[in-house]
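Visitor: I am new to this structure and would like to learn how to read its features one at a time. Could you show me the model and take me through it?

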Amino acid sequence: MNYPAGTAYIDGAFVPMSEAKISVLDWGFLHSDATYDVVHVWKGRFFRLDSHIERFLRSADRLRLTLPVSPGELARILAECVARSGFQDAYVEMVLTRGASPTFSRDLRDARHQLICFAIPFGWILRPEQREAGLSIVLSDIRRIPPDSVDPTVKNYHWLDFVMGLYDAYDRGAQSAVLTDAGGNLAEGPGFNIFTVRQGRIATPDRGVLRGVTRQTAIALAAELGFPLEERLVAAAEALAADEVFVTSTAGGIMPVTRINAAAVGAGRMGPVTRALLEAYWARHDDPAWSTSVDEVLSGNLAG
Ligand SMILES: Cc1ncc(COP(=O)(O)O)c(C=O)c1O
């Protein structure tokens, strides 16, 4: 097994990624019984760390998982993972698993919940040098897990619908996939939310999706830049007829989609609305309202 560089926190200690191991009996592994969140660090600063920690706490609460540390301690553990890794740009994940019962009983209430954090090199859905070309995606026939089965606002590892969607994309020569709901409306993709732009108006699904922190950021930036935006049901057909489509994720920010089902989206290159949002997004990475340096977090100042 090959491991990336980086530092993990597991069983209360900081270790190299290659030493971060869990029991195969952890229900996080056996049943995807876990929640997680991912925040990125860019040029030594966390981006919207408080929003990610807030969502992580809410997800844990909804799944009846108990975080063994305070939110402030969690922030310092994440910062320590980054500092020890030496990265200026990093992909920083926090995971809370159900764990297992010390007596191996099947009663979930006996489980000891496990907190695992790690910092690894920044991971991109679309690398910066690929931005002008944009992403090629398919609208997969695979339906997103219904929200009344697994709550998509709780960040979770129930990814087999996305995994099969990705294989669907690979088979059709595309890079990624967006899944739809039972009514043929857009849901989301493996690790990202989706937006359409038609005649200057932006739309993004308002249900059946994770409230992505990058999604929320794009919505705030659209308001600042004066782009009208609606959160509503978005029919899959609207993506095919859009002037622009973009996706949002901590793993890459705001990213243009230039091909859907092998056909060009609009002019087939990054459009002006996407470009303005993308530029505003990266420009805000050193704004103290939305970012905090790793050193500040280490010294106990949680913000950003
Ligand atoms: C299913 C899903 N939707 C959307 C997102 C985007 O969320 P964020 O912008 O908070 O990274 C993610 C991130 O991993 C995700 O897993």
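Visitor: Which residues of E3 are buried on one side, and which on the other?

Guide: To read a strand, follow its residues alternately, one face and then the other. In this predicted model, the buried residues on one side of E3 are Ala34, Tyr36, Val38, His40 and Trp42, while Thr35, Asp37, Val39 and Val41 are buried on the other, so that both faces are covered. Counted along the strand, nine of the nine residues of E3 are buried.

Visitor: What is the order of the strands in the open sheet?

Guide: A sheet is read from strand to strand across its pairings. Here seven strands make up an open sheet, and their order is E2-E1-E6-E5-E3-E4-E15, with antiparallel pairing. Because strand E2 (13-16) and strand E15 (291-293) each have a single partner strand, they stand at the edges, and one side of each is left without a neighbour in the sheet. On average, and with direction ignored, neighbouring strands of this sheet are turned by 25 degrees against each other.

Visitor: How many bridges join E3 to E5, and how many join E3 to E4?

Guide: For each pair of strands, one looks at the bridges and then at the residues that stand opposite each other. Strand E3 (residues 34-42) is joined to strand E5 (residues 90-100) by eight bridges, and the two run antiparallel; Tyr36 stands opposite Val95 in E5, and Val39 stands opposite Val92 in E5. E3 and E4 also run antiparallel, joined by two bridges, and Trp42 stands opposite Arg45 in E4. These two strands, E3 and E4, form a hairpin with two residues between them, and in the turn Lys43 has a positive phi of about 50 degrees.

Visitor: Which helix packs on the sheet, and which strands does this helix touch?

Guide: For a helix on a sheet, one asks which strands are touched and how the directions compare. Helix H2 (residues 49-62) packs on this sheet and touches E3, strand E4 (45-47), E5 and strand E6 (112-121), and the direction of H2 makes about 175 degrees with that of E3.

Visitor: Which residues touch the most other members in the largest nonpolar core?

Guide: A core can be read through its members and through the elements that supply them. The largest nonpolar core has 28 residues, of which Phe46, Leu74, Leu78, Val92, Leu115 and Cys117 touch the most other members. The elements that give two or more residues to this core are E3, H2, helix H3 (71-85), E5, E6 and helix H8 (294-298), and the largest share, seven residues, comes from H3. Taking Leu115 as an example, and leaving aside its neighbours within four places in sequence, its contacts include Phe56, Leu74, Ile77, Val95 and Leu96. There is also a second, separate core of 21 residues, which includes Ile254, Ala280, Tyr281 and Trp282.

Visitor: Where do Gln199 and Ala262 lie, and are they buried or exposed?

Guide: Here one reads the backbone angle together with the place of the residue in the chain. Gln199, in the loop between strand E9 (193-198) and strand E10 (201-204), has a positive phi of about 50 degrees although it is not a glycine. Because its relative accessibility is 67% and the cut-off for exposed is over 50%, Gln199 counts as exposed. Ala262 lies in the loop between strand E13 (253-260) and strand E14 (263-264), and its phi, near 75 degrees, is likewise a positive value in a residue other than glycine. With a relative accessible area of 58%, Ala262 is exposed.

Visitor: Which residues come nearest to the ligand?

Guide: Around a ligand, one starts with the nearest residues and then goes to particular atoms. Of the 18 residues around the ligand, Lys155, Glu188, Val213, Thr214 and Thr250 come nearest. A nitrogen atom of the ligand is 2.8 Å from an N or O atom in the side chain of Glu188. An oxygen atom of the ligand is 2.6 Å from an N or O atom in the side chain of Thr214, and a polar side-chain atom of Thr250 lies 2.6 Å from an oxygen atom of the ligand.

Visitor: With which side chain does the side chain of Asp168 make a polar contact?

Guide: Asp168, which has its place in helix H4 (residues 160-171), makes a side-chain polar contact with the side chain of Ser140 (2.8 Å).

Definitions and conventions. Residues numbered from 1 in each chain as written. Predicted model: local features only at pLDDT ≥ 70, side-chain atom pairs only at ≥ 80, totals over all residues. Heavy atoms only, no water. Pairing = 2+ DSSP bridges. Helix = DSSP H or I, 4+ residues; strand = E, 2+ residues; numbered from the N terminus. Axes fitted to C-alpha atoms, helices over the stretch in contact; angles between N-to-C directions. Contact = heavy atoms within 4.5 Å. Buried < 20%, exposed > 50% of the residue type's maximum accessible area, 1.4 Å probe, protein only. Core = buried A, V, L, I, M, F, W, Y, C linked by side-chain atoms within 4.5 Å. Near = heavy atom within 4 Å. Polar contact = N/O pair within 3.5 Å; in protein donor to acceptor, adjacent residues only side chain to side chain.
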